[in-house]
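Welcome to this short tour! Open your viewer, load the model, and let's go through it stop by stop.

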Amino acid sequence: MNNGFSTGEEDSRGHTDQTCCLIDDMERCRNQAGYASYSKRIQKTVAQKRLKLSSDPAAQHIYICDHHKERIQSVRTKRRRKDSEDDSNETDTDLHEFPDLYQLGVSTLRRYKRHYKVQARQGMKRAQLADTIMKHFKTIQIKEKEIITVFVYMVKMGANKLDQKNGLGNDTT
């Protein structure tokens, strides 16, 4: 979640010609900008946590460096895990519990939406679509013990789930 960071359109070059758009404690950051952007949602988090960060009005973009991304993520509210069999009143951060869907391409997000029949309006931007899918992803109930057991079995047998779906057994390989 995850993270609330919108990545914009990605390319293999990154943002090598841009520096972070943030002013940190009255001084402009000189780090190279990454794919994370300083969205309205992130600005709200920064204001709530009273971080001394602000967007430079002279900046031509909204991309932030990895240092500031990690700093913002580290102060986000810790959330309790729900529906865990081993729930012992411990807290985990929301950041590493879920995949970063904001790194996925629009076509992948649309395939997920179509496969799971997620209700979302047509023509959503990638960040909005990733937010919607992340909400759905968090609601999926899983049986951890069963999944781990099947995974270990598949690894030991040298098989994969696609073999089962296609009706192939280990004796045909």
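Let's begin with a small landmark: select isoleucine 23, then look across to serine 54 in S5, which stands opposite it. Keep in mind as you look around that this model is predicted.

**Stop 1: the sheet.** Now widen your selection to residues 22-24, which make up strand S2. This strand pairs with S5 in the antiparallel sense, over 3 bridges. Add S3 to the view, and you have an open sheet of 3 strands, in the order S3-S2-S5 with antiparallel pairing. Which strands stand at the edges? Select 27-28 for S3 and 53-55 for S5: each has a single partner strand, so one side of each is left without a neighbour in the sheet.

**Stop 2: the cysteines.** Is cysteine 20 buried or exposed? Cysteine 20 is buried, with a relative accessible area of 0%. Next, cysteine 29 is buried as well, at a relative accessible area of 9%. How many disulfides are there? The count is 0. For cysteine 20, the nearest cysteine sulfur belongs to cysteine 65 and lies 3.8 Å away. Select cysteine 29, and the nearest cysteine sulfur is again that of cysteine 65, at 3.8 Å. A disulfide would need the two sulfur atoms within 2.5 Å.

**Stop 3: the whole chain.** Zoom out and colour by secondary structure to find 7 helices and 7 strands. Following the sequence, you meet them in the pattern β-β-β-β-α-β-α-β-β-α-α-α-α-α. Of the 173 residues in the chain, 31% are buried. Finally, switch on the surface: the accessible area is about 12,400 Å², and carbon and sulfur atoms account for 50% of it.

Terms used:
Residues numbered from 1 in each chain as written. Predicted model: local features only at pLDDT ≥ 70, side-chain atom pairs only at ≥ 80, totals over all residues. Heavy atoms only, no water. Pairing = 2+ DSSP bridges. Helix = DSSP H or I, 4+ residues; strand = E, 2+ residues; numbered from the N terminus. Buried < 20%, exposed > 50% of the residue type's maximum accessible area, 1.4 Å probe, protein only. Areas by Shrake-Rupley, 256 points an atom, 1.4 Å probe, with all protein chains shown as cover.
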